[in-house]
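Hi there,

Here is the structure I promised to pass on to you. Please open it alongside this email, and my notes follow below.

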Amino acid sequence: MALAYVGLGSNLSDPEKQIKHAVALLSHIKNTKLSDLSSLYFSRPMGPQDQPDYMNAVAALQTELSPLELLDELQAIENKAGRVRKDNRWGARILDLDILLFDNDIINHQRLTVPHYGLELREFVLLPLAEISPELMLPNGKSILALSQDIDTNGLKVHSKLR
Ligand code: ROI
């Protein structure tokens, strides 16, 4: 059994509804249990500023799946939400589900980099992570709580509880 942390983000097509629906689908992934969920946060876009504000959250999953099997499940949920995967790496999206951490694993696969490359730079990932797991350490030994306290919050705020 592994403990995976997944980042959720949306800034199109009713982001609050997108995140809530995605959480419901996360809780139904095979051989996987949704073990924790952060609040829902409002965040300013990182990257191009000519796009709507985001909603972000982080979920903890206990899973028997391998990292790539979990990635397949997350991409299936993104696709169901109508996500189009193309040239919009820094642009608006209906739903983004990112594996942030997978146990203490370091993964450098063509399809998957874990820890997520942006983790240490993103307030909308660090603060929700610290909310649910303040004692968490990255594989490189850094403390999530310390990172979350040192980063510019860039207007990030809690919007509501998710459960
Ligand atoms: N900005 C915010 N605030 N939240 C996101 O989830 C997010 N996702 C992205 C980019 C475009 C980098 N900006 C984001 O992929």
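The side chains of K30 and E73 are joined by a polar contact of 3.3 Å. Please keep in mind that this is a predicted model. K30 itself belongs to the loop between α1 and β2, the latter spanning 32-37. If you set aside the neighbours within four places in sequence, the residues in contact with K30 are L65 and E73. L65 is 35 residues away from K30 in sequence, yet their C-alpha atoms are 8.2 Å apart in space.

Next, the ligand. The space that the ligand takes up is the largest pocket. There are 13 residues around the ligand, and those that come nearest are S43, R44, M46, N56 and R93. For three of these, I can give you atom-level distances:

- S43 places a polar side-chain atom 2.8 Å from a nitrogen atom of the ligand.
- M46 uses its backbone instead: one of its backbone N or O atoms is 2.9 Å from a ligand nitrogen atom.
- N56 has an N or O atom in its side chain that lies 2.8 Å from an oxygen atom of the ligand.

As for how much of the ligand is covered, on its own it has 350 Å² of accessible area, and the protein covers 96% of that.

Helix α1, which runs over residues 15-26, is worth a look too, and Q18 is the residue to pick out there. Is Q18 buried or exposed? Its relative accessibility is 9%, and because the cut-off for buried is under 20%, Q18 counts as buried. A polar atom of the Q18 side chain lies 3.0 Å from the backbone oxygen of S13. Beyond its neighbours within four places in sequence, Q18 is in contact with S10, L12, S13, A81, I94 and L95.

L121 makes a good counterpart to look at after that. You will find L121 in the loop between β7 (112-114) and α3 (123-132). The relative accessible area of L121 is 59%, and since exposed means over 50%, L121 is classed as exposed. L121 and L162 are 41 residues apart along the chain, and 24 Å separates their C-alpha atoms.

If you would like a place to start, I would go to the ligand and its contacts with S43, M46 and N56, then move on to Q18 in helix α1.

Happy to talk any of this through once you have had a look.

Best wishes

Conventions:
Residues are numbered from 1 along each chain as its sequence is written. This is a predicted model: local features need pLDDT of at least 70, side-chain atom pairs count only at pLDDT 80 or more; totals for chains, interfaces and linings use all residues. Side-chain values use heavy atoms; hydrogens and water are left out. Helices (H or I, at least four residues) and strands (E, at least two) are DSSP runs, numbered from the N terminus. Buried means under 20% relative accessible area, exposed over 50%, partly exposed in between (1.4 Å probe, protein chains only). A polar contact is a pair of N or O atoms within 3.5 Å; within protein, one must be able to donate a hydrogen and the other to accept it, and residues adjacent in sequence count only if both atoms are side-chain atoms. Contact means heavy atoms within 4.5 Å. A residue is near a molecule or strand if one of its heavy atoms lies within 4 Å of it. Accessible areas come from the Shrake-Rupley method with a 1.4 Å probe; for residues, only the protein chains shown count as cover. On a 1 Å grid over the protein atoms alone, a cavity is a set of points where a 1.4 Å probe fits but cannot get out, and a pocket is an open set with protein on both sides within 12 Å along at least five of seven lines; lining residues have an atom within 4 Å of a point. A molecule sits in a cavity or pocket if more than half of its atoms lie within 2 Å of its grid points.
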